[in-house]
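Reader: Hello! I would like a close look at one part of this protein, with its surroundings explained as you go. Could you walk me through it, please?

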Amino acid sequence: MSQLFKTTLPLRTADDADPAVAGPLKDTQAKMGMVPNMYGAMANLPALLDTYSHAYGKFRAEAGFTPVEQEVVFLAISRANGCHYCMAAHSFVGDMMTKVPAEVTDAIRDGRPVGDAKLEALRAFAHIMTESRGNPSPAEARAFLDAGFTETHILGIILALSAKVISNYTNHIFHTELDPAFAGRAWTPEG
């Protein structure tokens with residue numbers, strides 16, 4: 001395997017001298033009780049962290065998916081993109097916050113179909129949207145819609161993709177180390 005680029009930029013902290021960096025990280029610390037390493041990486045370009053946070057929040061609040069469905073989408077996209085950090089983080093969030101059944105999370109992590117037919121249709125379509133760069137076939141879209149989703153949900157997946165491109169790709173170039181909170185759900189991409 002060829003060597004992959006790793007940025008030399010540091011992980012920034014809430015104590016940063018630049019208020020454009022410190023402010024959002026202090027807010028994150030107050031909300032989450034920690035500053036995830038990924039946020040410290042993104043803070044090197046405050047606009048990146050702001051855009052990610054906005055897209056992530058809008059997906060969670062307005063895309064029309066249940067919390068479990070949201071995690072399925074994020075996990076499917078992060079797996080397709082091979083993001084070790086987001087797979088661990090969303091597995092943790094699924095376990096501890098959104099209460100995704102472990103068999104669902106573990107199936108996605110392992111590249112296996114999900115036992116629940118509707119969640120499997122969602123997982124499969126989020127994967128297809130990632131792999132096809134937003135160009136599903138009519139049959140693939142129909143299978144998703146026939147599972148009980150709408151065309152507006154397709155737009156929700158596009159919103160999730162935008163957030164995950166920012167986070168997955170940032171983690172790729174930083175080779176972001178897992179935070180201790182997520183380490184119990186470490187994941188390694190295939191290949």
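Author: Happy to! A residue counts as buried when its relative accessible area is under 20%, and as exposed when that area is over 50%. Please keep in mind that this is a predicted model.

Let us take Phe149 as the part to look at. Phe149 sits in the loop between α8 and α9. Is Phe149 buried or exposed? Its relative accessible area is 5%, so Phe149 is buried. Setting aside neighbours within four places in sequence, Phe149 makes contact with Phe65, Glu69, Lys118, Leu122 and Phe144. For a sense of scale, the C-alpha atoms of Phe149 and Thr13 are 40 Å apart in space, with the two positions 136 residues apart in sequence.

Just before Phe149 in the numbering is Gly148, which follows α8 and has a positive phi, near 110°. Helix α8 itself covers residues 138-146, and its buried residues are Ala141, Phe144 and Leu145. Viewed down the axis of α8, these buried residues fall within an arc of 95°, so they line one face of the helix. What do they pack against? Their partners are α7 (117-131) and α9 (151-174). On the other side of α8, Ala139 and Asp146 are exposed.

Phe144 deserves a pause of its own. Not counting residues up to four places away in sequence, Phe144 touches Ala121, Leu122, Phe125, Phe149, Thr150, His153, Ile154 and Ile157. Leu122 therefore appears among the contacts of Phe144 and also among those of Phe149, if you read the two lists side by side. Phe144 and Leu122 also belong to the largest nonpolar core, which has 50 residues; Tyr52, Val73, Leu122, Phe144 and Ile157 have the most contacts inside it. Helix α4 (residues 67-80) gives the largest share of this core, seven residues. In soluble globular proteins, nonpolar side chains tend to be buried together.

Since you may be setting up bonds for a calculation, a word on the cysteines. How many disulfides does the structure hold? The number is zero. Cys83 is in no disulfide, and the nearest cysteine sulfur, that of Cys86, is 3.7 Å away. A disulfide here needs the two sulfur atoms within 2.5 Å, so the 3.7 Å from the sulfur of Cys86 to that of Cys83 is too far for a bond. Cys83 is buried, with a relative accessible area of 0%, and Cys86 is buried too, at 2%.

Finally, let us step back to the whole chain. The protein chain has nine helices and zero strands. Its C-alpha trace spans about 55 × 40 × 30 Å along the principal axes. For 191 residues, a compact globule would have a radius of gyration near 16 Å, and the 17 Å of the protein chain agrees with that. Buried residues make up 46% of the 191 residues. Among contacts with a separation of 6 or more, 69% join residues 24 or more positions apart. The accessible surface comes to about 9700 Å², and carbon and sulfur atoms account for 58% of it.

Methods
Residues numbered from 1 in each chain as written. Predicted model: local features only at pLDDT ≥ 70, side-chain atom pairs only at ≥ 80, totals over all residues. Heavy atoms only, no water. Core = buried A, V, L, I, M, F, W, Y, C linked by side-chain atoms within 4.5 Å. Buried < 20%, exposed > 50% of the residue type's maximum accessible area, 1.4 Å probe, protein only. Helix = DSSP H or I, 4+ residues; strand = E, 2+ residues; numbered from the N terminus. Contact = heavy atoms within 4.5 Å. Arc of directions from axis to C-beta. Rg over C-alpha atoms; globule rule 2.2 N^0.38 Å. Areas by Shrake-Rupley, 256 points an atom, 1.4 Å probe, with all protein chains shown as cover.
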